[in-house]
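The following exercises are to be worked with the sequence and the model in view. Each task is followed by a solution in steps.

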Amino acid sequence: MLNMKKWLLKNKINLIGTLIGGVAGFVYYKQVGCNSGGCMISGNPYISTGYFAVLGSLIVSILKPIPKKEAKENNSL
């Protein structure tokens, strides 16, 4: 239980990005969605939500600042 709390605190920004991306994907499906079934992403709510959740997580992880301790270790290499 304690390890789970540490993990959640450490990854809360990624989880928030994933949640925001998932909501954006579902909204995209509802607003832009494709009824014909020919659209790979916007034709299925599950695919659209999952795709945007992954994108949200990746974008947040790219924009997340590097902690000072890691930055010093990377500069010494």
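**Exercise 1. The disulfide**

Does C34 count as buried or exposed, and at what relative accessibility?

Solution. The model is a predicted one, in which local features need pLDDT of at least 70, side-chain atom pairs count only at pLDDT 80 or more, and totals for chains, interfaces and linings use all residues. Residues are numbered from 1 along each chain as its sequence is written, and side-chain values use heavy atoms, with hydrogens and water left out.

Step 1. Buried means under 20% relative accessible area, exposed over 50%, and partly exposed in between, with a 1.4 Å probe and protein chains only. C34 has 14% relative accessibility, so C34 counts as buried.

Step 2. Searching the whole structure gives one disulfide (a pair of cysteine sulfur atoms within 2.5 Å). It joins C34 to C39, with an S to S distance of 2.4 Å.

Step 3. The partner C39 is partly exposed, because its relative accessibility is 32%.

Step 4. The torsion about the S-S bond of C34 and C39 is about 65°, and the disulfide is therefore right-handed.

**Exercise 2. The chain as a whole**

State the secondary structure of the protein chain, its buried share and its accessible surface.

Solution. Step 1. Helices (H or I, at least four residues) and strands (E, at least two) are DSSP runs, numbered from the N terminus. The protein chain has four helices and zero strands, and its pattern along the sequence is α-α-α-α.

Step 2. The protein chain has 77 residues, of which 14% count as buried.

Step 3. By the Shrake-Rupley method with a 1.4 Å probe, where for residues only the protein chains shown count as cover, the accessible surface of the protein chain comes to about 6,400 Å². Carbon and sulfur atoms hold 67% of that surface.

Step 4. A contact means heavy atoms within 4.5 Å. Among contacts in the protein chain with a separation of 6 or more, 52% come from residues 24 or more positions apart.

**Exercise 3. Helices α2 and α3**

Describe how α2 and α3 pack, and place N14 and L55 in that arrangement.

Solution. Step 1. Two packed helices are described by the angle between their axes and the distance between the axes. The axes of α2 and α3 come within 6 Å and cross at roughly 145°; axes are lines fitted to C-alpha atoms, for helices over the stretch in contact, and angles run from 0 to 180 degrees between N-to-C directions.

Step 2. Residues of α2 that meet α3 include G17, G21 and G25, and those on the α3 side include A53, G56 and V60.

Step 3. N14 lies in helix α2, which spans residues 12–32. With a relative accessibility of 18%, N14 counts as buried. Leaving aside residues up to four places away in sequence, N14 touches S57, V60, S61 and K64.

Step 4. L55 is in helix α3 and counts as partly exposed because its relative accessibility is 31%. Its C-alpha atom is separated by 8.5 Å from that of G17, 38 residues apart along the chain.

**Exercise 4. The aromatic pairs**

How many aromatic pairs does a search of the whole structure find?

Solution. Step 1. The search finds three. Rings of Phe, Tyr and Trp (its six-membered ring) pair if their centres lie within 6.5 Å; planes under 30 degrees apart count as stacked, over 60 as edge-to-face and the rest as tilted.

Step 2. The ring centres of Y28 and F52 are 5.2 Å apart and their planes are at 35°, so this pair is tilted. Because Y28 lies in helix α2 and F52 in helix α3 (residues 45–63), the pair ties together parts that are 24 residues apart in sequence.

Step 3. Y51 and F52 form an edge-to-face pair, at 5.9 Å centre to centre and 75° between the planes.

Step 4. Y28, Y51 and F52 form one aromatic cluster. Y28 is partly exposed at 34% relative accessibility, F52 is partly exposed at 21%, and Y51 is partly exposed at 41%.
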